Amino acid sequence: MQVVPKKVRMTIVKNEKNELISTRIIARWRICVDCRKLNQATRKDQFSLIFNDLMLERAARHSFFCYLDGYSGFFQIPIHPSNQENMTFTGPYATFAYQRMPLVLCKAPTTFIIFFEYVENIMEMFMDDFSVYGATFDSCLENLIKVLLRCKKLNLVLNYKKIHFMIQGGSWSWAC
């Protein structure tokens, strides 16, 4: 188990010589856990991550896009109490059990199977990033409503800072 700084922003501050320098502001910390042994012992899913070129090919047929990002990714998904012992780690002063799914588990990406019937039809997914699309503004809006209603039904929170609505053409940098 390691504690590392989470993505940070840059700012300009004065150093002891009164010079302006750029520095990183660490706002939050992230716990990283080595789950390789657990992942080796885990039965693999039949659903793997899709190839980016296939996603791009399907999306190229559409004109309007909405980009959604799951807030804290897989950490919104609760781990069943009977499985929490598999995600228990011992530190120097205490024992910690994950109650929510960390990204490091090999089965974490497949938990978004909740959108299975929408993928390849009205949206594409990569990990916890979603791209909803449509050939017209109205069709994209209808598809977006379907996806947002599913998010609401399952209490899936989206990161409002990373959401973009009704983009024409689109930027697929998140998928590459």
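Author: A patch is built from residues with over 30% relative accessible area and no salt bridge, joining like charges within 9 Å and nonpolar side chains (Val, Leu, Ile, Met, Phe, Trp, Tyr) within 5 Å. A salt bridge here is a side-chain nitrogen of Lys or Arg within 4 Å of a carboxyl oxygen of Asp or Glu. Accessible areas follow the Shrake-Rupley method with a 1.4 Å probe, and for residues only the protein chains shown count as cover. The model is predicted, so local features need pLDDT of at least 70 and side-chain atom pairs pLDDT 80 or more, while totals for chains, interfaces and linings use all residues. Residues are numbered from 1 along each chain as its sequence is written, and side-chain values use heavy atoms, leaving out hydrogens and water.

Reader: Happy to start with the overall plan: what pattern does the chain follow along the sequence?

Author: Helices (H or I, at least four residues) and strands (E, at least two) are DSSP runs, numbered from the N terminus. The chain has three helices and 10 strands. Reading along the sequence, you meet them as β-β-β-β-α-α-β-β-β-β-β-α-β.

Reader: And what share of the 176 residues counts as buried?

Author: Buried means under 20% relative accessible area, exposed over 50%, and partly exposed in between (1.4 Å probe, protein chains only). In total the chain exposes about 12200 Å², with carbon and sulfur atoms supplying 56% of that area. Of the 176 residues, the share that counts as buried is 33%.

Reader: Now to the sheet: in what order do the four strands of the open sheet stand?

Author: Two strands pair if DSSP finds at least two bridges between them. Six bridges join β5 to β9 (residues 129-134), and four join β8 to β9. β8 and β10 are the edge strands with a single partner each, so one side of each lacks a neighbour in the sheet. The pairing is antiparallel, and the order is β8-β9-β5-β10.

Reader: Which residue in β9 stands opposite leucine 68?

Author: The β5 and β9 strands run antiparallel. Tyrosine 67 stands opposite serine 131 in β9. For leucine 68, the residue opposite in β9 is phenylalanine 130.

Reader: Which residues of β9 point the other way from Asp129, Ser131 and Tyr133?

Author: In a regular strand, side chains alternate between the two faces of the sheet. β9 is mostly covered, with six of its six residues buried. Asp129, Ser131 and Tyr133 point one way, and those pointing the other way are Phe130, Val132 and Gly134.

Reader: At about what angle does α3 run to β9?

Author: Axes are lines fitted to C-alpha atoms, for helices over the stretch in contact, and angles between N-to-C directions run from 0 to 180 degrees. Contact means heavy atoms within 4.5 Å. α3 lies across β5, β8, β9 and β10, and its angle to β9 is about 145°.

Reader: Which residues form the nonpolar patch on the surface?

Author: One member, leucine 149, is in helix α3 (residues 137-153). Leucine 149 counts as exposed because its relative accessibility is 52%. Together the patch has about 360 Å² of accessible area, and its members are Phe137, Leu141, Ile145 and Leu149.

Reader: Which side chain does arginine 150 meet in a salt bridge?

Author: The structure holds one salt bridge. This pair ties together parts 33 residues apart in sequence, because arginine 150 lies in helix α3 and its partner in the loop between β7 (95-97) and β8 (123-126). Arginine 150 is buried at 17% relative accessible area, whereas its partner is partly exposed at 40%. With an N to O distance of 2.5 Å, that partner is glutamate 117.

Reader: What distance separates the C-alpha atoms of valine 157 and serine 72?

Author: Valine 157 sits in the loop between α3 and β10 (164-168) and is partly exposed, at 44% relative accessible area. Not counting residues up to four places away in sequence, valine 157 touches Asp69, Gly70, Tyr71 and Gln76. Valine 157 and serine 72 are 85 residues apart along the chain, yet their C-alpha atoms are separated by 8.4 Å.

Reader: Which residues does asparagine 159 contact, leaving aside neighbours within four places in sequence?

Author: Asparagine 159 is found in the loop between α3 and β10. With a relative accessible area of 12%, asparagine 159 is buried. Beyond those neighbours, its contacts are Asp69, Gly70 and Tyr71.
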